[in-house]
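Please look through the structure shown here and follow the explanation below with the model open. It goes from charged side chains to cysteines and then to the nonpolar interior.

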Amino acid sequence: MKVAEQLEELERVAEQLGVRVSYEPMAGLVQNTGGLCRVKGEYRVIIDRRLKPPERVQILADALGRFDLGAVEMSDPTRAFVESCRPRRSA
């Protein structure tokens with residue numbers, strides 16, 4: 001699967017979950033690549049708009065890996081990738 005297609009699919013998954021994805025300039029005191037946050041009760045993934053598509057895919061997959069994706073439709077390769085990005089629970 002091409003990176004651009006995977007990014008589009010992850011954006012659709014986020015939409016299905018009610019997670020807003022935005023690409024913003026990240027400069028000043030808070031220079032980062034982006035990630036998941038909650039703003040006024042709404043989940044958002046904010047990604048530095050200067051990042052290339054593979055980096056955007058990684059950040060979005062990391063964020064979506066925190067949600068229950070059992071009922072969400074997505075391709076098998078994308079599901080496997082997001083599953084691999086899930087945070088590991090400590091014992």
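The side chains of Arg-50 and Asp-48 form a salt bridge, with 2.7 Å from N to O. This is a predicted model. The two partners sit in opposite surroundings: Arg-50 is exposed, with a relative accessible area of 59%, whereas Asp-48 is buried at 4%. The structure holds two salt bridges. Another pairing joins the side chains of Arg-86 and Glu-83, at 2.8 Å from N to O. Here Arg-86 is partly exposed, with a relative accessible area of 23%, and Glu-83 is partly exposed as well, at 35%.

Next comes Arg-49, which is found in the loop between E3 and H2. Outside its neighbours within four places in sequence, Arg-49 is in contact with Tyr-23, Glu-24, Pro-25 and Arg-56. Arg-49 and Met-26 are 23 residues apart along the chain, yet their C-alpha atoms are separated by 7.7 Å.

A further arginine, Arg-44, belongs to strand E3. What is the nearest side chain of opposite charge to Arg-44, and how far away is it? It is Glu-24, at 4.1 Å. A salt bridge needs a side-chain nitrogen within 4 Å of a carboxyl oxygen, so a distance of 4.1 Å does not qualify. Arg-44 is therefore buried without a salt bridge, given that cut-off. The side chain of Arg-44 does make a polar contact with the side chain of Ser-22, at 2.8 Å. With neighbours within four places in sequence left aside, the residues in contact with Arg-44 include Val-19, Arg-20, Gly-35, Leu-36 and Val-39. Cys-37 is also in contact with Arg-44.

That residue leads to the cysteines. In general, a disulfide is a covalent bond between the sulfur atoms of two cysteines. How many disulfides are there in this model? The count comes to zero. Cys-37 is in no disulfide, and the nearest cysteine sulfur, that of Cys-85, is 18 Å away. Why is Cys-85 not bonded to Cys-37? Because the sulfur of Cys-85 is 18 Å from that of Cys-37, its closest cysteine sulfur, the two are too far apart for a bond. The surroundings of each cysteine can be stated too: Cys-37 is partly exposed, at 26% relative accessibility, while Cys-85 is buried, at 14%.

Now turn to the interior. In soluble globular proteins, nonpolar side chains tend to be buried together. The largest nonpolar core in this model has 20 residues, and those with the most contacts inside it are Leu-10, Val-45, Leu-60, Leu-64 and Leu-69. The elements giving two or more residues to this core are helix H1 (3–17), strand E3 (42–48) and helix H2 (53–64). Of these, H2 provides the largest share, six residues. For one of the core residues, the partners can be listed: Leu-60 touches Leu-7, Leu-10, Glu-11, Val-21, Val-45 and Ile-47, not counting residues up to four places away in sequence.

The last stop is a loop residue. Lys-40 is placed in the loop between strand E2 (34–39) and E3. Is Lys-40 buried or exposed? At 86% relative accessibility, Lys-40 is exposed. Its backbone also deserves a look. Most residues other than glycine have a negative phi. Lys-40 has a positive phi of about 50°, although it is not a glycine.

Notes
Residues are numbered from 1 along each chain as its sequence is written. This is a predicted model: local features need pLDDT of at least 70, side-chain atom pairs count only at pLDDT 80 or more; totals for chains, interfaces and linings use all residues. Side-chain values use heavy atoms; hydrogens and water are left out. A nonpolar core is a set of buried Ala, Val, Leu, Ile, Met, Phe, Trp, Tyr and Cys residues joined through side-chain atoms within 4.5 Å. Buried means under 20% relative accessible area, exposed over 50%, partly exposed in between (1.4 Å probe, protein chains only). Helices (H or I, at least four residues) and strands (E, at least two) are DSSP runs, numbered from the N terminus. Contact means heavy atoms within 4.5 Å. Lys and Arg count as positive and Asp and Glu as negative; His and the chain ends are not counted. A polar contact is a pair of N or O atoms within 3.5 Å; within protein, one must be able to donate a hydrogen and the other to accept it, and residues adjacent in sequence count only if both atoms are side-chain atoms. A disulfide is a pair of cysteine sulfur atoms within 2.5 Å.
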